[in-house]
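These are my notebook entries on a structure I had not consulted before. I set down what I looked up, entry by entry.

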Amino acid sequence: MSWGTELWDQFDNLEKHTQWGIDVLEKYIKFVKERTEIELSYAKQLRNLSKKYQPKKNSKEEEEYRYTSTRAFLATLNEMNDYAGQHEVISENMTSLIIGELTRYVQELKQERKSHFHDGRKAQQHIETCWKQLEASKRRFERDCKEADRAQQYFEKMDADINVTKADVEKARQQAQLRHQMAEDSKAEYSSTLQKFNSEQHDHYYTHIPNIFQKIQEMEERRIVRIGESMKTFADVDRQVIPIIGKCLDEITKAAESVDHKNDSQMVIEAFKSGFEPPGDVDFEDFTQPMKRTVSESSLSNSRGDGKYEPKFGGKSKGKLWPFIKKNKGAGPEDFSNLPPEQRRKKLQQKVDELNKDIQKEMDQRDALTKMKDVYIKNPQMGDAASVDHRLSELEQNIEKLRLEVQKFEGWLADVEGRLPARTEQARRQSGLYEAQNTSAVNSCAQDRESPDGSYTEEQSQETEMKVPATDFDDEFDDEEPLPTIGTCKALYTFEGQNEGTISVAEGEMLYVIEEDKGDGWTRIRRNEDEEGYVPTSYVEVYLDKNAKDS
């Protein structure tokens, strides 16, 4: 099967067919290129989707990813990012292995095709030239034969005419001979040209054209093989990333299987546990007899007074920490005293761990610089040993500061850990009435009260009063009258009340005193009907009504 023998007369059709083959190849290149663009677009959309749902750093959302379910979701997002990367690999490999290779091959194919068909046209032009030469020789031989016949007829006519002179007859005879000779020469030339043409024609149709068409056939077959290989590569590129994509999907499955509902429930307890005991039963108060009204030692109000913090119950009392004072949304105190005991302990422990890590980092840097200094001392040409002294001094100072910070937070942590169990036992023992212990309990509460930036919110009144359940707490407070003024005070210094329960004052400002220092270092003051809070006692000069003085 050869195009040279089977298609010897189909030069034009072969030229069209081979051009169509190149068009098909270019169409396939365009198809693969559009596929790569789709893969890149898909990968970009997957990456943007993964990024969109990633938790923001240093945000509350990032803290939520400590649960197994949210960690599994985060793992899914990360795996989707890797999944997108594999589609980028598909695009890159198709671009380099198919588009790039085929584009170069098409250019080479066009040049080869052009060369082969140029040779074919050249061979056709040569055989056409030989044919024209044969036709010219043939016409010349035909013309010379006709001229010789006419000359012979003229001679015979002259020779038969008795009136013609002998000289004229001789002239006619010579002319006829000349024409016969010319006809013989033309015949010989025509014969030679014909033999040459036949030889050229044989070579053309049995040698030159078959060779040229064979090369074109081989070129076309290579094109077909090449496009088939490219299609196989197209599939292989996809197949190569299937194991990695499968691994991504396996990791997503593994992350999903790691979701532990029991663990997440326990983490909710650890995150929100306050450390307080639930309130005890409210005691019955008999109003039929004139007796001192008392309250249960384990009532809701007293349980709030025993600890520094108010537990958050449902209802309107949620978040209400200081009566008549708006909640301060600023940063909490350094010792986390605004948190419930259990949460405060966790925060303090976390802070201690962070500080210890910082100390270790500083010590590692110090040790590295010390080794460097020793090297410089032993090999002065490598560097100046004195150049690291300043940095070593800074590191020592940083380490000392961090150690002091650790001691401070460890002191607070020890205080919380030492007090929580005792208070828990006390809460467990509380029940019923406590007529005899009421006064001592009130005094103990006042002594234990810490700075008002904590969550302890209410002083136990020296006068007995009925405490209400949490659901009615806000309504009762809203209906109470403000505390009466017991004196005035003058601010000796400016105080920025940034924590809950405190109030900001300016130096020299005059305010009303509504509750004197109970021994905790804080005095409760009022500026107007809506603004009141605590300030450090050392920041104000108090004038009680019995000793009132002009400012």
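**Entry 1: Arg121.** I looked up the exposure of Arg121 in this predicted model. Its relative accessibility is 34%, so I recorded Arg121 as partly exposed, a class that runs between under 20% for buried and over 50% for exposed. I then searched for a charged partner and found Glu15, whose side chain meets that of Arg121 in a salt bridge of 2.0 Å, N to O. Glu15 belongs to helix α2 and Arg121 to helix α4, so this pair ties together parts that lie 106 residues apart in sequence. I noted beside it that side chains of opposite charge can pair when their charged atoms come close.

**Entry 2: helix α4.** I next examined the helix that holds Arg121. Helix α4 covers residues 68-160, which is 93 residues. From its first C-alpha to its last I read 135 Å, close to the 138 Å expected at 1.5 Å a residue. Where does α4 bend? I found a bend of about 35° at Thr95.

**Entry 3: a pair within α4.** I turned to Arg104, which forms a salt bridge with Glu101; their closest N and O atoms are 2.6 Å apart. The two are three residues apart in helix α4, and therefore about one helical turn separates them. I entered both as partly exposed: Arg104 has a relative accessible area of 47%, and Glu101 one of 32%.

**Entry 4: Arg47.** I returned to helix α2, residues 11-52, where Arg47 has its place. At 28% relative accessibility, Arg47 counts as partly exposed. Which residues does Arg47 contact, leaving aside its neighbours within four places in sequence? I listed Asn81, Ala84, Gly85 and Glu88. For Asn81 I checked further: the side chains of Arg47 and Asn81 make a polar contact at 3.0 Å. Their C-alpha atoms are separated by 5.4 Å, although the two residues are 34 apart along the chain.

**Entry 5: a pair in α5.** In helix α5, residues 166-257, I looked up Asp236 and Arg239, which are three residues apart and thus separated by about one helical turn. Their side chains meet in a salt bridge of 2.8 Å, N to O. Asp236 is partly exposed, at 22% relative accessibility.

**Entry 6: the wider search.** How many salt bridges does a search of the whole structure find? I recorded 26. I also noted a network of salt bridges that links Glu515, Arg524, Arg526 and Glu532.

Terms used. Residues are numbered from 1 along each chain as its sequence is written. This is a predicted model: local features need pLDDT of at least 70, side-chain atom pairs count only at pLDDT 80 or more; totals for chains, interfaces and linings use all residues. Side-chain values use heavy atoms; hydrogens and water are left out. Helices (H or I, at least four residues) and strands (E, at least two) are DSSP runs, numbered from the N terminus. Buried means under 20% relative accessible area, exposed over 50%, partly exposed in between (1.4 Å probe, protein chains only). Contact means heavy atoms within 4.5 Å. A polar contact is a pair of N or O atoms within 3.5 Å; within protein, one must be able to donate a hydrogen and the other to accept it, and residues adjacent in sequence count only if both atoms are side-chain atoms. The expected span of a helix is 1.5 Å times one less than its number of residues. The bend at a residue is the angle between axes fitted to the seven residues ending there and the seven starting there. A salt bridge is a side-chain nitrogen of Lys or Arg within 4 Å of a carboxyl oxygen of Asp or Glu.
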